[in-house]
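Work through the exercises below with the model open. Try each task before reading its solution.

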Amino acid sequence: MGTNDEKNQFMTEAEEQRLGEGLRKAFASGNPNPDRTGCPDPSLIRAFAFHKRIGGPDVFEQVTTHMAGCSACVRDALGYAEEYKHQQRRIRKIR
């Protein structure tokens with residue numbers, strides 16, 4: 001029998017992973033923008049994916065609002081996020 005923490009969980013870890021993957025797929029393909037209309041500068045998306053400050057709250061809101069409706073920018077951000085993860089692993093190995 002599970003612990004109280006397990007009983008009170010909203011989702012199991014596996015369910016959470018499946019949900020996350022489903023959301024990634026939806027955001028990465030649900031709103032195509034082949035002409036890249038209104039896309040922010042790629043350096044902003046990369047900075048966002050690398051957990052860096054991208055300006056004030058207004059810039060953050062503009063970028064995230066755009067990404068919510070632009071699969072091309074979501075795919076870029078996911079690619080940059082993978083790059084960030086690899087960079088962080090290398091840094092941890094060096095330490």
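**Exercise 1. Overall fold**

Task: Find how residues 24 or more positions apart contribute to the contacts in the protein chain with a separation of 6 or more. Then describe the elements and the dimensions of the chain.

Solution.
- Step 1. Keep in mind that this is a predicted model.
- Step 2. Take the contacts with a separation of 6 or more; residues 24 or more positions apart account for 73% of them.
- Step 3. Count the elements. The protein chain has 5 helices and 0 strands. Read from the N terminus, the order is α-α-α-α-α.
- Step 4. Check the dimensions. The radius of gyration of the protein chain is 17 Å, whereas a compact globule of 95 residues would have one near 12 Å. Along the principal axes, the C-alpha atoms fill a box of roughly 55 × 40 × 25 Å.

**Exercise 2. Surface, interior and charge**

Task: State what share of the 95 residues is buried. Then describe the exposed area and the charges.

Solution.
- Step 1. Of the 95 residues in the protein chain, 20% are buried.
- Step 2. The chain exposes about 7,400 Å². Carbon and sulfur atoms supply 53% of that area.
- Step 3. The chain carries 15 positive and 13 negative charges. Their mean positions lie 8 Å apart.

**Exercise 3. Two cysteines**

Task: Decide how many disulfides the structure holds. Examine Cys-39 and Cys-73 in turn.

Solution.
- Step 1. The structure holds 0 disulfides.
- Step 2. Start with Cys-39. Its nearest cysteine sulfur belongs to Cys-73, 3.5 Å away. A disulfide requires sulfur atoms within 2.5 Å, so a pair at a separation beyond that cut-off does not count. Cys-39 is therefore in no disulfide.
- Step 3. Turn to Cys-73. Cys-73 is in no disulfide either, with the sulfur of Cys-39 as its nearest at 3.5 Å.
- Step 4. Compare their surroundings. Cys-39 is partly exposed, at a relative accessible area of 23%. Cys-73 is buried, at 0% relative accessibility.

**Exercise 4. Positive phi outside glycine**

Task: Examine Arg-36 and His-51. Where does each sit, and is each buried or exposed?

Solution.
- Step 1. Arg-36 is not a glycine, but its phi is positive, at about 55 degrees. It lies in the loop between helix H2 (13-29) and helix H3 (42-49).
- Step 2. Arg-36 has a relative accessible area of 34%, which makes it partly exposed.
- Step 3. His-51 is not a glycine either, and its phi is about 60 degrees. This residue follows H3, in the loop between H3 and helix H4 (57-68).
- Step 4. His-51 counts as exposed, at 61% relative accessibility.

**Exercise 5. Tyr-84 and the end of H3**

Task: Locate Tyr-84 and list what it touches beyond four places in sequence. Then relate H5 to the buried residues of H3.

Solution.
- Step 1. Tyr-84 belongs to helix H5 (residues 71-94).
- Step 2. Its relative accessible area is 19%. The cut-off for buried is under 20%, so a residue at that value falls on the buried side.
- Step 3. Outside its sequence neighbours up to four places away, Tyr-84 touches Ala-49, Phe-50 and His-51.
- Step 4. The buried residues of H3 are Ile-45, Ala-47 and Ala-49. H5 is among the elements that cover them.
- Step 5. Add two distances. Tyr-84 and Ala-47 are 37 residues apart in sequence, with 9.8 Å between their C-alpha atoms. Tyr-84 and Arg-53 are 31 residues apart in sequence, with a C-alpha separation of 15 Å.
- Step 6. Place Arg-53. It is in the loop between H3 and H4, and is exposed at 77% relative accessibility.

**Exercise 6. Met-67**

Task: Which residues are in contact with Met-67, leaving aside neighbours within four places in sequence?

Solution.
- Step 1. Met-67 is in helix H4. It is buried, with a relative accessible area of 9%.
- Step 2. Its contacts beyond those neighbours are Phe-48, Cys-73, Val-74 and Ala-77.
- Step 3. Return to Cys-39. The C-alpha atoms of Met-67 and Cys-39 are 8.2 Å apart, across 28 residues of chain.

Notes:
Residues are numbered from 1 along each chain as its sequence is written. This is a predicted model: local features need pLDDT of at least 70, side-chain atom pairs count only at pLDDT 80 or more; totals for chains, interfaces and linings use all residues. Side-chain values use heavy atoms; hydrogens and water are left out. Buried means under 20% relative accessible area, exposed over 50%, partly exposed in between (1.4 Å probe, protein chains only). Helices (H or I, at least four residues) and strands (E, at least two) are DSSP runs, numbered from the N terminus. The radius of gyration is taken over C-alpha atoms; the globule rule is 2.2 Å times the number of residues to the power 0.38. Contact means heavy atoms within 4.5 Å. Accessible areas come from the Shrake-Rupley method with a 1.4 Å probe; for residues, only the protein chains shown count as cover. Lys and Arg count as positive and Asp and Glu as negative; His and the chain ends are not counted. The place of a charge is taken as NZ of Lys, CZ of Arg, CG of Asp or CD of Glu.
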